[in-house]
Amino acid sequence: MTAALAFRVDVAVQTPAHSQVGDLLSYASPDALPPGRLVRVPLGRREVLGVVWACAPAVAGADEDGVVLRPVAAALDALAPLPEAWRDLVAFAARYYQRSVGEVALAALPPQLRGLDVDQLARRLKRQARGSTRTGQPDGADAPPPTAEQQAALDALAAGPGPFLLFGSTGSGKTEVYLRAVEARLASDPQAQALVMVPEINLTPQLEARFTARFAPRFGAGAVVSMHSGMTPPQRLASWLAAHSGQARIVLGTRMAVFASLPRLALVVVDEEHDPSYKQQEGARYSARDLAVWRARREGAQVLLGSATPSLESWYQSRPPTPDDTGGRYQRLAMPSRVGESALPKVRLVDMNLQPPKTVLSSALLDALGQRVGRGEQSMVFLNRRGYAPVLACGDCDWKSECPHCSAYRVFHKIDRTLRCHHCGFTERVPRACPSCGNPDIAPVGRGTERLEEQLAQLLAPVTRPDGGPVRIARIDADSTRHEGALEQQLAQVHGGEVDVLVGTQMIAKGHDFRRITLVAAVNPDGALFSSDFRAPERLFSLLMQSAGRAGRDGAWLQAQGSTAEMWIQTHHPQHPLFAALRRHDYASFAQQQLEERRMAAMPPFAFQALLRADARTQEAAQAFLQAAGAAADALPDADAVMRYPPVPLAIQRVANVERAQMLVESSSRAALQRLLAAWKPILHGLRRTPEGKGVIRWLVDVDPQAI
Ligand code: ADP
Ligand code: ZN
Ligand code: ZN
């Protein structure tokens, strides 16, 4: 029987992490199968989805060693094979981020595809084909004429290959540039496709509405599809199939969309390219921004990164040439002005050292908020901590609301009177009395958004709105938006003017085009100034710039109001250079100063890093594994070019009863680091089975880590 099977097919399948199974598994097939074909193959006692990677004639359906291969169970012929460029992207991502091809390939496909057999897929495709209709209506949405700065950026895009970094202030109209750039590419080639990425799911509905309004009348209702983890599996499958078939011309999505199958990709846009959420934090820890740049180059597509506060990596990469430096690879396009009459908000620093001790909201800020409410304007107050209070503590003994499973406190949530661990999820009802000494007087310490909302409601209670009604306060954070549709509803209330003061975490600071917000306040941003993470100042600066960018976006309205936009920052360090640059909205000088520091310290972008992390039952076991791994790395050929730091516990050392440790490796040569990592990988797999590997629950490599 098997002798009739005449081809050997190498298939990428999802193999269990750390199994010793190689990257690809071999199967037999009576027919040649093209690379990229989706197949169903046996794996152990299951049948799984796989992607054909290679196919070659084989004697008697056996591999080189004469081992008879199991046959491919079914080929999903109804779908066109995944394009070569897509396979190259997957292979590159697997190699660069030290994962297996099968893992990356399968994670890149919509989950529902895994469960479908040939018949089910055929039915699904039939439905999909019926659903697609081209309306062919004339272009309905009116596009405003571009501003001079937008036009200059568009001219540069039309003229050069890129990659481009669109350095545009908040409110400079970057989205309009994306829309027009997409339009230009799609108009010049009737099959061209564009990929537009945003960092957060909560930004996709707004963007989708704008793209659909602009393009659906011209290219049909199915021309614009979304891809993000908030969609149901059938929705994700539908979007994926539409992109893969070429029916969808524009894919909008979060980082996962970088792996969409887009056979005619002509343009990739990465909005808010600096945002840390482009870095995947589990499985293959890829940077969707970096992969977007790689993918665009591979496919001959244009790539446009956009931000008001670019990552220092991209900023450096777009530096102009000087007499003794050839400059970066990216072309920088600047749009410094806001659209319309609006100016960037005035930044006001409140020196909290001059306030009575324990002040949370300075009286000056409260006055300013009250005045805005009285004039019918909206304000936004943000604090990067959700819940009511970060700790509950007993005044009589030392008891604090520690999580029994993590080296962290459980957060007090007053709404449902729970103590919740934000790391492992462990949740309990708040005890009636101190569990340690019985004292009934246990009290919240510190402040989260829930408590801030409560406090603002009390303090602003005397204020009335122009219509005489009481102030309306709302909160948006991960807790308030847990239920499906809650975020959309809450955002709609803000846009609809039903909220006077919006309290929230950084979730509300990004991207939204709120038209009536005139004041934005950061209540307590100091923590990040002295963090051990060298990227903390960069993050804080961009977060504050982004937040400021929510204020005063409608200049004409603001003028009619006789009002001005303001960003308030309460800080104990008003002299900090970061704030000085922020006051001037001067990203360039902030970036220059940070880059100088990074250059002196030989840190990214002047060096390349990777972390080896180990999780174990005990901290000793985790560190012993890293020690042994380090010793092995020292013996590798590229060890001289790579600097290795000692193992250390993670900032939050224990989560869900697992001890975590990490070791940083760093090199001024990306290639040397990559070679070392590649040679290290099999050694690390082997170490698991030695005494040093005992007690290690898992290990992972994080290339270009975003948090150290
Ligand atoms: P950014 O993403 O740069 O912060 P947006 O793209 O959200 O800015 O644009 C800010 C506002 O300016 C939006 O309300 C947008 O509709 C408007 N806008 C953008 N370009 C133009 C233009 N050329 N003419 C008029 N309004 C514009
Ligand atoms: Zn006590
Ligand atoms: Zn916990």
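These legends go with four close-up views of a predicted model.

**View 1. Serine 563 and the side chains it touches.** Here we zoom in on the loop between helix H14 (555–561) and strand S23 (566–571), which is where serine 563 sits. Is serine 563 buried or exposed? Its relative accessible area is just 9%, and anything under 20% counts as buried, so serine 563 is buried. Its side chain has polar company all the same: there is a polar contact of 3.0 Å with the side chain of glutamate 377, and another, at 3.2 Å, with the side chain of arginine 375. If you skip the neighbours within four places in sequence, the residues in contact with serine 563 are Arg372, Arg375, Glu377, Thr518 and Leu558.

**View 2. Helix H4 crossing helix H5.** Two packed helices are described by the angle between their axes and the distance between the axes. For H4 (residues 148–159) and H5 (residues 174–188), the axes come within 10 Å and the crossing angle is roughly 35°. The crossing of H4 past H5 is right-handed. On the H4 side, look for Gln150, Leu154 and Leu157; H5 brings Glu176, Val177, Arg180 and Ala181 to the contact. Sorted by class, that makes four nonpolar residues, two charged and one polar.

**View 3. Helix H1 crossing helix H8.** This pair is H1 (residues 84–96) and H8 (residues 288–299), with axes that come within 10 Å and cross at roughly 140°. H1 passes H8 with a right-handed crossing. Which residues of H1 and H8 meet? From H1 you get Glu84, Ala85, Asp88, Leu89, Phe92 and Ala93, and these meet Leu291, Trp294, Arg295, Arg298 and Glu299 of H8. The contact of H1 with H8 is a mix of six nonpolar and five charged residues, with no polar ones.

**View 4. The surroundings of ligand 1.** There are 18 residues around ligand 1, and Pro145, Gln150, Gly171, Lys174 and Asp513 come nearest. Gln150 may look familiar from View 2, where this H4 residue takes part in the contact with H5. Which parts of the protein do the oxygen atoms of ligand 1 approach? For lysine 174 it is a polar backbone atom, 2.9 Å from an oxygen atom of ligand 1. With threonine 175, an N or O atom of the side chain is 3.0 Å from a ligand 1 oxygen. Arginine 553 also uses its side chain, placing a polar atom 3.1 Å from an oxygen atom of ligand 1.

Technical notes. Residues are numbered from 1 along each chain as its sequence is written. Chains are lettered from A and ligands numbered from 1 in the order in which they are written. This is a predicted model: local features need pLDDT of at least 70, side-chain atom pairs count only at pLDDT 80 or more; totals for chains, interfaces and linings use all residues. Side-chain values use heavy atoms; hydrogens and water are left out. Helices (H or I, at least four residues) and strands (E, at least two) are DSSP runs, numbered from the N terminus. Buried means under 20% relative accessible area, exposed over 50%, partly exposed in between (1.4 Å probe, protein chains only). A polar contact is a pair of N or O atoms within 3.5 Å; within protein, one must be able to donate a hydrogen and the other to accept it, and residues adjacent in sequence count only if both atoms are side-chain atoms. Contact means heavy atoms within 4.5 Å. Axes are lines fitted to C-alpha atoms, for helices over the stretch in contact, and angles run from 0 to 180 degrees between N-to-C directions. A crossing is left-handed if the near helix is turned anticlockwise from the far one by less than a right angle, and right-handed if clockwise. Ala, Val, Leu, Ile, Met, Phe, Trp, Tyr, Cys and Pro count as nonpolar, Asp, Glu, Lys and Arg as charged, and the others, Gly among them, as polar. A residue is near a molecule or strand if one of its heavy atoms lies within 4 Å of it.
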